[in-house]
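Me: Got a minute to go through this one with me? I'd like to start with whatever the database record annotates.

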Amino acid sequence: MNPKRKQRLIIVLFIVFGAAIAVGLVMYALNQNINLFYSPTDIVEGKAPEGTRIRAGGMVVEGSVNRDQQSLQVEFGMTDYANNVTVVYNGILPDLFREGQGIVAQGQMNSEGVFEAVEVLAKHDENYMPPEVADALERAGQMPEQIRAKEAGQQ
Amino acid sequence: MAEKKWMPRWFYQLASPRWCYQITGKLLPIFAVAALILLVGGTAWALIYAPADYQQGNSFRIIYIHVPSAILAQSCYMMMAVAGAIGLIWKMKVADMVAKACAPIGASIAILALATGAIWGKPTWGAWWVWDARLTSMLILLFLYLGVIALNSAIESEQTAAQATAVLALVGLVNIPIIKYSVDWWNTLHQPATFTLTERPAMAMEMWLPLLVMVIGFYCFFAVVMMLRLRNEIIQRERRSSWVRELISG
């Protein structure tokens, strides 16, 4: 390669790696702000800011969903398999909201340590399968969330 | 002293607009037929024969447009940046033309990925848009494409325009790994990758195969549109050369 091209190649590499390092440092500094939500552990350990609106994400605890008979009020537990947070929400839940499924809720911690959500979004995972396969896996205790729960329990 | 050739012969042949025009003329019908078969077949397979998802039912089928377009938007950007770099280093005109041809295609595909994602997000997540790392970095990709298009058309001189856009494209290249790993590095609402070639897919085989067909079909479609734009660009820039004149008077 002639010296001129080599010089231009070095400039191109400099642009690419320079930009990568700059952006990398910015993102490292802003790491917490890029996370969409805090986990229940973050909230319990006090890493999440209090008295301001935050997003919290985790799995809906099996058997914890409690619907009010008179209103849209719903109460459920949210877990990351290490800590739990109770969430109350007054509104319509997305179709994919289920026990054992991931959700991201926007809201605020109140003085009793309950998370008052103003918005609840369903977070689904990367697994897709036909219903029959899901049934078969369910029977064998091999559903993705069950596996995850098991793994989290072992840690 | 003759310069040592350290790249394969075809690389230097690519530098000739005329050779490029001829070879794309031969490749074009092959890719067009492949794209037609794969996209029609893949769509039918995806919409009619693939089973519904156990949780999302039929609404998951938008994955067959969303995932291929998202993958392609990123591949197209990489191609644009690499072509820009080759144009910068080797001063290869054809590489500049390839980079210029890529930008509007990539922008359209990125819009398609974002739009299908929003349409999918409403019924599944409960929101059209969330400012999580994956969605935001994908939006930045669209803005990078728009920036490249605007910069290219703002500069009169073709050579200067190509250099400026190549530098912008190279700076924006850092966004590609961010898009890819955003779902692993940060907490996002967007789920991790379903479609991978390196690991066992997180999807039943009868759902994954039509997705694979659609991804390859999207790549073939991209090749067709890309070559059409490239040929158009070659003819336009080489309009004063004798071979183009012969071709036109033909």
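Me: Which residues does UniProt list for "binding site"?
Reply: The UniProt entry, an unreviewed one, lists His124(A) and Tyr128(A) under "binding site". Keep in mind that we're looking at a predicted model.

Me: Where does His124(A) sit?
Reply: In chain A, His124(A) is in the loop between β6 and α4.

Me: And Tyr128(A), where is that found?
Reply: Tyr128(A) is placed in the loop between β6 and α4 of chain A.

Me: Is His124(A) buried or exposed?
Reply: His124(A) is buried, because it has 21 C-beta neighbours inside 10 Å and the cut-off for buried is 20 or more.

Me: Tyr128(A), buried or exposed?
Reply: Buried again: Tyr128(A) has 26 C-beta neighbours inside 10 Å.

Me: What does His124(A) touch?
Reply: Leaving out residues up to four places away in sequence, His124(A) touches Leu96(A) in its own chain, plus Gln55(B), Thr124(B) and Gln191(B).

Me: Which residues does Tyr128(A) touch?
Reply: With residues up to four places away in sequence set aside, Tyr128(A) touches Asp53(B), Phe60(B), Thr194(B), Met203(B), Ala204(B) and Met207(B).

Me: OK, let's zoom out to the interface. How many residues of chain A are in contact with chain B?
Reply: 34 residues of chain A, and they meet 38 residues of chain B.

Me: Which elements of chain A give two or more residues to that side?
Reply: Those are α1 (3-29), β6 (115-123) and α4 (131-140) of chain A. The largest share of the side touching chain B comes from α1(A), with 9 residues.

Me: What's the split by class on the chain A side?
Reply: The side of chain A that touches chain B has 23 nonpolar residues, 5 polar and 6 charged.

Me: Let's stay with α1(A). At what angle do α1(A) and α6 of chain B pack?
Reply: About 40°, with the axes of α1(A) and α6(B) (residues 158-172) 8 Å apart. So α1(A) is oblique to α6(B).

Me: Is the crossing right-handed or left-handed?
Reply: Right-handed, as α1(A) passes α6(B).

Me: Which side chains' owners meet there? I mean the residues of α1(A) and α6(B).
Reply: From α1(A) you've got Val12(A), Ile15(A), Val16(A) and Ala19(A), and they meet Val167(B), Leu170(B) and Val171(B) of α6(B). By class, that contact of α1(A) with α6(B) has 7 nonpolar residues, no polar ones and no charged ones.

Me: Back to the record for a sec. What does UniProt list as "transmembrane region" in chain A?
Reply: Residues 9-30 of chain A, according to the unreviewed UniProt entry. In the model, that span is 95% helix and 0% strand, and its end C-alpha atoms lie 32 Å apart.

Me: New topic: backbone oddities. What's phi for Tyr81(A)?
Reply: Near 70°, so a positive phi in a residue other than glycine. Most residues other than glycine have a negative phi. Tyr81(A) is in the loop between β3 (73-79) and β4 (84-90) of chain A. Tyr81(A) is partly exposed, with 18 other C-beta atoms within 10 Å.

Me: And what's phi for Lys91(B)?
Reply: Lys91(B) has a positive phi of about 55° although it isn't a glycine. Lys91(B) is in the loop between α3 (63-90) and α4 (93-124) of chain B. Lys91(B) is partly exposed, with 16 other C-beta atoms within 10 Å.

Terms used
Residues are numbered from 1 along each chain as its sequence is written. Chains are lettered from A and ligands numbered from 1 in the order in which they are written. This is a predicted model: local features need pLDDT of at least 70, side-chain atom pairs count only at pLDDT 80 or more; totals for chains, interfaces and linings use all residues. Two residues are in contact if their C-beta atoms, placed from the backbone, lie within 7 Å. Helices (H or I, at least four residues) and strands (E, at least two) are DSSP runs, numbered from the N terminus. Ala, Val, Leu, Ile, Met, Phe, Trp, Tyr, Cys and Pro count as nonpolar, Asp, Glu, Lys and Arg as charged, and the others, Gly among them, as polar. Axes are lines fitted to C-alpha atoms, for helices over the stretch in contact, and angles run from 0 to 180 degrees between N-to-C directions. Angles under 35 degrees count as roughly parallel, over 145 as roughly antiparallel, 65 to 115 as roughly perpendicular and the rest as oblique. A crossing is left-handed if the near helix is turned anticlockwise from the far one by less than a right angle, and right-handed if clockwise. A residue is buried if 20 or more other C-beta atoms lie within 10 Å of its own, exposed if 12 or fewer, and partly exposed in between; C-beta atoms are placed from the backbone. UniProt positions are given in the numbering used here, feature names are shortened, and annotations may be inferred rather than shown by experiment.
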